[in-house]
Amino acid sequence: MNEPPPKRPEFESELVDSGAIGDVERPLPFVERVVNNESVQRLAILVVLVVIWELYARWLNNSLLFPTFTETVQTFWHDIRSGVLINRTVTSLRTLVIGYAFGLLLAGLFTTFAVASGIGTRILSTLTAMFNPLPAIALLPLALIWFGLGTPSLVFVIVHSVLWAVALNTLSGFRSVPETLRMSGRNVGLTGARYVGLILIPAAFPSILAGLKIGWAFAWRTLVAAELVFGVSSRSGGIGWYIFEARNDLDTATVFSGLLTVILIGLFVESVIFRFIEARTVNLWGMQR
Amino acid sequence: MARFDGNTRLMTAALLEVKGVTLQYKTPRHLVTATYQVDFNVQQGDRYVILGPSGCGKSTLLKAVGGFMPPVEGSIRIRGRKIEAPGPDRMMVFQEFEQLMPWKTVFQNVLFPMKVTRKFSSQEAKARADAVIEKVKLTEFKGIYPHMLSGGMKMRVAIARAMALEPDILLMDEPFAALDALTRRSMQQELLALWDQLRFTVLFVTHSIEEAIIVGSRILVLSPHPGRVRAELDASSIDFVNIDRPEFGILSKRIHKLLFSNETGGVKTAEDAHA
């Protein structure tokens with residue numbers, strides 16, 4: 001039963017010529033590369049969605065409830081040409097960018113303060129735990145009392161929606177920076193702001209970027225919702241006001257074209273601006289695939 | 001110093017002097033004594049290995065030399081100066097070379113310490129970075145990011161980065177521990193080749209007896225719980241070339257015995273007695 005395995009002769013051999021298989025590494029065929037391309041895939045998904053929309057709307061045949069894609073695009077195009085939609089969008093974007101920038105600035109200050117000391121970290125995590133779940137829109141009535149009708153109130157609620165999300169992500173990014181990177185930073189004598197700027201921020205960049213994206217989305221949502229609530233404010237209303245007006249007129253195609261604008265801007269920011277930043281940072285550095 | 005000689009050791013002042021060092025650190029629940037009254041001296045040009053099982057405080061000891069942790073008692077001096085904080089005169093090389101910054105190219109990584117310490121002018125720093133990259137044979141890969149490099153190349157960058165600053169000593173904390181055996185072997189070879197070329201002083205922590213003998217010229221054997229000095233051995237005559245000689249086996253057995261003689265069972269002492 002317990003016999004050793006049979007003795008076998010050893011051998012060494014010359015390597016087989018592997019020339020027949022061609023280069024060890026070679027480019028994929030053109031079609032395969034096109035199909036694998038991320039933007040091509042995204043575009044295909046969009047086309048499919050549009051086709052489904054169009055078919056469903058035609059089958060429903062009720063433009064008051066659900067206008068077709070072509071109808072929506074016609075309204076969209078018409079309002080772009082007349083300048084209404086562009087005006088509204090610019091107004092919204094201006095408020096948005098101000099609020100977003102303020103939010104990021106505050107988030108940067110808060111987290112830098114937080115990583116400087118243990119107590120700072122705990123203060124910030126307590127604050128984010130308190131305020132992050134608080135819907136920005138719930139603060140709008142308060143903002144209206146404090147800042148009156150107009151841009152300052154909008155900026156306030158946007159800052160609220162951006163600040164905590166970005167701060168939370170940045171802080172957790174800072175905390176997950178590997179110990180070796182921290183030590184190598186201190187090894188060459190880095191401290192304080194230089195340490196944060198040269199080691200922590202780039203090392204935590206994937207999380208920071210995720211925070212920026214979430215913050216952006218939150219800011220958009222908050223802004224459109226806020227404009228819907230107090231659209232009354234002015235003649236220079238934003239995209240939310242545009243939607244609100246159209247709904248009052250039961251002009252569903254215009255409501256859809258307003259929503260389409262929000263979606264298009266969202267797609268643009270995500271797949272052009274953020275993609276651009278990603279390709280030049282975290283993807284290039286191999287921190288994210 | 002190729003060979004141990006009592007007289008020369010007394011005559012030349014040590015580069016790194018560790019005297020009666022006791023190290024303690026706190027976990028959330030305990031106060032752990034990592035090492036107890038450890039003494040050793042590292043001379044210029046040594047490949048000094050600290051060897052011991054896990055729990056002997058060897059990594060903590062290296063951190064203390066790095067200045068990340070003050071000793072509870074005793075003193076650590078480099079060139080006669082007391083170590084109080086981390087500094088670029090003691091460059092650390094970590095496991096798997098994670099200290100390479102993924103957001104910087106090879107060239108920028110090598111440049112970084114010189115830039116932040118402002119030890120060299122910008123022009124000079126660039127020239128030095130180029131020179132040291134050339135020395136570790138990575139010139140073609142200058143513009144590449146670390147994630148595209150192999151393990152061996154990363155090590156060469158990590159060492160180049162440290163060497164460019166002209167530190168007094170290179171501190172390596174189990175740099176090959178996480179690698180597979182074959183890669184580890186080739187990295188040890190590369191490290192020795194680099195040492196042959198640049199003759200730096202290195203303090204190297206490992207838990208592998210074989211690695212200690214191959215890489216080290218002197219070996220400090222620590223016993224665990226808490227870390228205390230068990231022996232200091234000379235291994236300068238053994239490297240890859242004569243790994244098949246009996247000296248290798250004899251030394252390895254001797255270290256094995258030093259490490260495990262206090263424990264009961266598990267070790268065949270009949271053979272060891274003759275070694």
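This is a short tour of a predicted model, with stops in chain B, at the contact between chains A and B, and in chain A.

**Chain B as a whole**

Select chain B and colour it by secondary structure. There are 9 helices and 10 strands to find. Of the 275 residues in this chain, 38% are buried. Among contacts in chain B with a separation of 6 or more, 69% are between residues 24 or more positions apart.

**Strand β8 of chain B**

Next select residues 202-206 of chain B, which form strand β8. Is this strand enclosed or open? 5 of its 5 residues are buried, so β8(B) is largely enclosed by the rest of the structure.

Show the side chains of the strand. In a regular strand, side chains alternate between the two faces of the sheet. Here V202(B), F204(B) and T206(B) point one way, while L203(B) and V205(B) point the other way. The residues on both sides are buried.

**The neighbours of β8(B)**

Keep β8(B) on screen and add residues 47-51 of chain B, which are strand β3. β3(B) and β8(B) run parallel and are joined by 5 bridges. To find one of the paired positions, pick Y48(B), whose bridge partner in β8(B) is L203(B).

Now add residues 169-173 of chain B, strand β7. This strand also runs parallel to β8(B), and 4 bridges join the two. Here L170(B) has V202(B) as its bridge partner in β8(B).

With β7(B) and β8(B) still shown, add helix α6 of chain B, residues 181-198. What do these three elements make together? They form a right-handed β-α-β unit.

**Where chain A touches chain B**

Show both chains. The contact involves 16 residues of chain A and 19 residues of chain B. On the chain A side, helices α8 (179-187) and α9 (192-203) each supply at least two residues. The largest share comes from α8(A), with 6 residues. By type, the chain A side divides into 10 nonpolar, 5 polar and 1 charged.

**Helix α9 of chain A**

Stay with α9(A) and hide chain B. This helix has 12 residues and spans 16 Å from its first C-alpha to its last, close to the 16 Å expected at 1.5 Å a residue.

Which residues of α9(A) are buried? Select I199(A), L200(A) and A203(A). They cover an arc of only 85° around the axis, which puts them on the same side of α9(A). An α-helix has 3.6 residues a turn, so residues three or four places apart point the same way. Show α4 (84-116), α7 and α8 of chain A as well, since they are included in what covers these buried residues. Then rotate to the face turned away from the buried side, where A193(A), R194(A) and G197(A) are exposed.

**Helix α6 of chain A**

The last stop is residues 140-147 of chain A, helix α6. Its buried residues are L140(A), A143(A) and L144(A). They cover an arc of only 100° around the axis, which places them on the same side of α6(A). To see what they pack against, show α7 (151-175) and α10 (205-229) of chain A.

On the other side of α6(A), select P141(A), L142(A), I145(A) and W146(A), which are exposed. Finally, step just past the helix to G148(A), which takes a positive phi of about 80°.

Note on methods. Residues are numbered from 1 along each chain as its sequence is written. Chains are lettered from A and ligands numbered from 1 in the order in which they are written. This is a predicted model: local features need pLDDT of at least 70, side-chain atom pairs count only at pLDDT 80 or more; totals for chains, interfaces and linings use all residues. A residue is buried if 20 or more other C-beta atoms lie within 10 Å of its own, exposed if 12 or fewer, and partly exposed in between; C-beta atoms are placed from the backbone. Two residues are in contact if their C-beta atoms, placed from the backbone, lie within 7 Å. Two strands pair if DSSP finds at least two bridges between them. A crossover is right-handed if, with the strands pointing away from the viewer, the path from the first strand over the helix to the second runs clockwise. Ala, Val, Leu, Ile, Met, Phe, Trp, Tyr, Cys and Pro count as nonpolar, Asp, Glu, Lys and Arg as charged, and the others, Gly among them, as polar. The arc is that of the directions from the helix axis to the C-beta atoms. The expected span of a helix is 1.5 Å times one less than its number of residues.
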